[in-house]
Amino acid sequence: CFHASPETLAWKKEPEALGLKIQKKGKFKKRTDSSPPVEAPYVPPKLKRAASSLSDRTVEIFEGMTIVELAKRCGVSIPVVQDILKNVGEKVDSEYDPLSIDISELVAMEIGVNVRRLHSNEGAEVLPRPPVVTVMGHVDHGKTSLLDALRLTSVAAKEAGGITQHLGAFVVGMSSGASITFLDTPGHAAFSAMRQRGAAVTDIVVLVVAADDGVMPQTLEAMSHAKAADVPIVVAVNKCDKPAANPEKVKIQLATEGLALEEMGGDIQVVEVSAVTKTGLDKLEEALLLQAEMMDLKSRVDGPAQAYVVEARVDRGRGPLATAIVKAGTLVCGQHVVVGAEWGKIRAIRDMLGKSTDRARPAMPVEIEGLKGLPMAGDDIIVVHSEERARMLSAGRKKKFEKDRLGRVSESNLEDEEGEVKPKRVEMTIIVKADVQGTVQAVTDSLKSLDSPQVFVNIVHGGVGPISESDVDLAQACGAFIVGFSIPTPPGSINQAANKAGIKIKIHRVIYHLLEDIGNSIVEKAPGTFETQVSGEAQILSIFELKGRSKAKGDDVKIAGCRVIDGRLIRSSTMRLLRSGEVVFEGSCASLKREKQDVEAVGKGNECGLVIQNWDDFKVGDVIQCLEQVNRKPKFISSQSGAVRIEC
């Protein structure tokens, strides 16, 4: 009994008491429901995607982080981190051993998460540093001219088209003896990413607004960049010497956009200046130094440097060059560095005047030489202690970037499959070459903005430097044409090879002209949309009937005697018959005569005889419209701020 199951015990007692249902003896009952099963259409299951993938996560790492802390932040187990450490050649004794910040980044990238490095100033020498000031504002509001007046040079005259198209960094010594590092950003709509980089690395933003023009689209964009980077703003109202200047109107506009000006009880300083007459420059200098003093700017001087790439280019003799601003520490010639996904040993450091120096201190813009590849503008520069570590970190970052890129491509393909079927578009393939990395990005982004429902702009390659034979070979392979911006004209051999292969090369030095040229090319290549429009109208004045025709010529025919009141009637077009404003019939024109002669078209004010095929119910007063198929091409539209688009 002790080994008996509850079912066995239930036979001896009442099974209902134990809550069991026992099958009674007897035959099984047949189902009486003979209705067929319901047929439902098969719905394929949708692919489930994770709510948040590892590649979207960002973890903070620091020097001396333990294995336990790293595993906890990355969301994996400790043995997983230990296995990765063994694979990269690190000796693991205990899970509480401290790791260097470079090894922590390698492990995190192998796991598949993004990292943000945290640096501590504990025990380091911290000294005051010059402020980094970014000059921002709308195009042609006098930003570069204002800086020219401050440093007594003339950069604006050297820029193509008189507008700034590069991000420039230089140090200006003030009359008071203090020095300020200035970043000059372009104001054209195409260079939004450059302005964003300038706001990210700066301490103070000088917002330049023309007194005769007021607040414009790029002025608002500069304000949003400064607010996103949490950077204080000093407003410089320029061109106050012009007769149409109205500084008070500008202040009201800025206050309306949410800037709390000092005159209205806020904390944002406003200075009225003129770059031409050089008035108000001393007040601007005083405002900048006062703002910097209130911020108490200090940085670590000793130890490995942290720097930020503001621009990158390729020099034929010196190779890849990166313009950078040191944020903390000291950058020393001969150190191994990792810049984004590239690495190298610093061969030379030059200041913005081209003079060679052996070290760069905080807030100092320099140009470094010796990188193995061209970095992206906006990359961070980190110093590592050996070439092996630099190679390993660079390879890990490249692997992570490629993995993320492939993930984005697969996600976009999956969204295209799930979404609606899009109409086929004509593809325009372009190769972009420019003088610096930031300009390549700006031109690429601007050309992508010209995408339209009819033409797909595909940028297959973007590079820095002059046009080479490999660019021509690539263009020939994918059917592209080459766009060059601020680069020298290619030599005759490359032009000859391009002409032989039927490849167009377009060289421009001003962003306005480049966008207008490419926009017109897109309009020409677009297939357009066919629309039906009324090319002419005629009113029926009388009706003629031809009777007693032979069998060979057909039945009786009714001819509408008309006068063309607008446009012209074309024999090959479709005719629409209107009676009291309503469409009665549409059909092709069987005959069109004027003065007993067959004609192809009849103009406004002339009378004609018209026969519509398969229709003879004409009445005096009816209106006949001539319908014509017209191919409507898209339009290239450029706004006053410089923003461009294709309107279909």
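The following dialogue examines how several features of a predicted model are assigned.

Mentor: This is a predicted model, in which local features need pLDDT of at least 70 and side-chain atom pairs count only at pLDDT 80 or more, while totals for chains, interfaces and linings use all residues. Residues are numbered from 1 along each chain as its sequence is written, and side-chain values use heavy atoms, with hydrogens and water left out.

Trainee: Why are Phe-585 and Trp-615 called a stacked aromatic pair?

Mentor: Rings of Phe, Tyr and Trp (its six-membered ring) pair if their centres lie within 6.5 Å; planes under 30 degrees apart count as stacked, over 60 as edge-to-face and the rest as tilted. Phe-585 and Trp-615 lie 4.9 Å centre to centre with 10° between the planes, so both criteria are met. The structure holds one aromatic pair.

Trainee: What does the aromatic pair tie together?

Mentor: Phe-585 belongs to strand S30 (residues 582–594) and Trp-615 to the loop between strand S33 (607–612) and strand S34 (623–632), so the pair ties together parts that are 30 residues apart in sequence. Strands here (E, at least two residues) and helices (H or I, at least four) are DSSP runs, numbered from the N terminus.

Trainee: What makes the charged end of Lys-506 count as sitting over the ring of Phe-481?

Mentor: The rule asks for NZ of Lys or CZ of Arg within 6 Å of the ring centre and within 35 degrees of the ring normal. The charged end of Lys-506 is 5.1 Å from the centre of the Phe-481 ring, so the distance limit is satisfied.

Trainee: How do you know that S30 pairs with strand S29 (residues 574–579)?

Mentor: Two strands pair if DSSP finds at least two bridges between them. Six bridges join S29 to S30, so they pair, and they run antiparallel. Thr-574 stands opposite Ser-588 in S30. The two strands form a hairpin with two residues between them, and Ser-580 in the turn has a positive phi of about 60°.

Trainee: Which other strands are joined to S30 by bridges?

Mentor: Four bridges join S30 to S33, also antiparallel, and Lys-593 has Gly-609 as its bridge partner in S33. Two bridges join S30 to strand S31 (residues 597–598), again antiparallel, with Lys-593 opposite Asp-598.

Trainee: Why is the largest pocket said to lie between two domains?

Mentor: Domain 1 (58–117) and domain 3 (301–396) both give residues to its lining, so the pocket lies between them; the domain bounds come from an automatic or database domain assignment.

Trainee: What makes a space a pocket, and which residues line the largest one?

Mentor: On a 1 Å grid over the protein atoms alone, a cavity is a set of points where a 1.4 Å probe fits but cannot get out, whereas a pocket is an open set with protein on both sides within 12 Å along at least five of seven lines; lining residues have an atom within 4 Å of a point. The largest pocket is lined by 33 residues, of which Gly-340, Ala-341, Asp-379, Arg-397 and Phe-401 lie nearest its centre. Helix H10 gives the most to this lining, with eight residues.
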